[in-house]
Amino acid sequence: MNRYKKFIKKGINEPLSTVEFHTFAPIKRVSMLSKKIIPKSDTHIAIHVIDSAQKNMLDYSLLHKHNADEINLIISDNDKLKYEIQLGDEKYRVTSPTTIFIPKGVRHKAKLISGKGTFVCIILSGKYTSSK
């Protein structure tokens, strides 16, 4: 018994500022899955819990890219969480619920506009790199 217990883990609270190409913001970030949490994993998942859109947290992501595909999910109870998503040189305003697929190599960033909810980041690689 318990041979699969190693695959059930609690998320790890981490400041957003510890993530490359992100700055400080009063957002709760929880790393849910990574090689650090479950070494056999080939996926990275983190959630950002947005309690309120304060002016000092609106622009917390810098333009960057990864060597792996990324999926972002923007979710809220009242469909009022709003972001500006930049993919390459194009900007889009989105409202929850929204899914954003970011192919590897595409420069991107997310800017909070308003609302409360959850921003989910899924990178389809356990060992990915980020760059400008």
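# Worked exercises: sheets, salt bridges and a pocket

At 6% relative accessibility, Arg 29 counts as buried. Keep that residue in mind while working through this predicted model; it comes back in more than one exercise.

## Exercise 1: Follow the charges

Task: find out how many salt bridges a search of the whole structure gives, and work out which residues are linked in a network.

Solution.

Step 1. Start with the count: the search turns up 3 salt bridges.

Step 2. Take Arg 29 and look for its partner. That's Glu 14, with the closest N and O atoms 2.5 Å apart. Arg 29 sits in strand 2, while Glu 14 belongs to the loop between strand 1 and strand 2, 15 residues apart.

Step 3. Check burial, using the cut-off of under 20% relative accessible area for buried. Glu 14 comes in at 17%, so it counts as buried, and Arg 29, at 6%, does too.

Step 4. Now see what else Glu 14 does. Its side chain also meets that of Lys 36 in a salt bridge, at 3.0 Å from N to O. Lys 36 is in the loop between strand 2 and strand 3, so this pair ties together parts that are 22 residues apart in sequence. Unlike the buried Glu 14, Lys 36 is exposed, at 62%.

Step 5. Put the pieces together: Glu 14, Arg 29 and Lys 36 form a linked network of salt bridges.

Step 6. Pick up the pair Asp 42 and Lys 35, whose closest N and O atoms are 3.2 Å apart. Asp 42 is exposed at 52%, and Lys 35 is partly exposed at 27%.

## Exercise 2: Rebuild the sheets

Task: work out the order of the 6 strands in their open sheet, then do likewise for the open sheet of 3 strands.

Solution.

Step 1. For the 6 strands, the order reads 1-2-3-10-5-8, with antiparallel pairing. Strand 1 (12-13) and strand 8 (98-102) are the edges, each pairing on one side only.

Step 2. Walk across using the bridges. Strand 2 and strand 3 are antiparallel and share 5 bridges; Lys 28, for instance, has Val 49 of strand 3 as its bridge partner.

Step 3. Carry on to strand 10, which is joined to strand 3 by 7 bridges, again antiparallel. Here Ile 47 faces Val 120 of strand 10.

Step 4. At the far end, strand 5 and strand 8 pair over 5 bridges in the antiparallel sense, with Ile 74 opposite Thr 98 of strand 8.

Step 5. Turn to the 3 strands. Their order is 7-6-9, antiparallel too. Strand 7 (90-95) and strand 9 are at the edges with a single partner strand each, so one side of each has no neighbour in the sheet. On average, neighbouring strands in this sheet are turned by 20° against each other, ignoring direction.

Step 6. Add the contact between strand 6 (residues 82-87) and strand 7: 6 bridges, antiparallel. Leu 87 has Glu 90 as its bridge partner in strand 7.

## Exercise 3: Sort the side chains of strand 3

Task: decide which side chains along strand 3 are buried and which are not.

Solution.

Step 1. Recall the general pattern: in a regular strand, side chains alternate between the two faces of the sheet.

Step 2. Apply it. His 44, Ala 46, His 48 and Ile 50 point to one face and are buried. Ile 45, Ile 47 and Val 49 point to the other face and aren't buried.

Step 3. Tie this to Exercise 2: Val 49 is the bridge partner of Lys 28, and Ile 47 stands opposite Val 120.

## Exercise 4: Describe the largest pocket

Task: find the volume of the largest pocket and say which residues lie nearest its centre.

Solution.

Step 1. The volume is about 460 Å³.

Step 2. Its lining has 30 residues, and those nearest the centre are Val 19, Arg 29, His 44, Ile 123 and Tyr 128. There's Arg 29 again, the partner of Glu 14, and His 44 is on the buried face of strand 3.

Step 3. Split the lining by class: 9 nonpolar, 14 polar and 7 charged residues.

Step 4. Ask which strands contribute. Strand 2 (28-33), strand 3 (44-50), strand 5 (70-75), strand 9 (108-114) and strand 10 (117-123) each give at least two lining residues. Strand 9 is an edge of the 7-6-9 sheet, while strands 2, 3, 5 and 10 appear in the 1-2-3-10-5-8 order.

Terms used:
Residues numbered from 1 in each chain as written. Predicted model: local features only at pLDDT ≥ 70, side-chain atom pairs only at ≥ 80, totals over all residues. Heavy atoms only, no water. 1 Å grid on protein atoms, 1.4 Å probe; cavity = no way out; pocket = protein on both sides within 12 Å on 5 of 7 lines; lining within 4 Å. Points joined across faces, edges and corners; volume = space filled by probe spheres on them. Helix = DSSP H or I, 4+ residues; strand = E, 2+ residues; numbered from the N terminus. Nonpolar A, V, L, I, M, F, W, Y, C, P; charged D, E, K, R; others polar. Buried < 20%, exposed > 50% of the residue type's maximum accessible area, 1.4 Å probe, protein only. Pairing = 2+ DSSP bridges. Salt bridge = Lys/Arg side-chain N within 4 Å of Asp/Glu carboxyl O. Axes fitted to C-alpha atoms, helices over the stretch in contact; angles between N-to-C directions.
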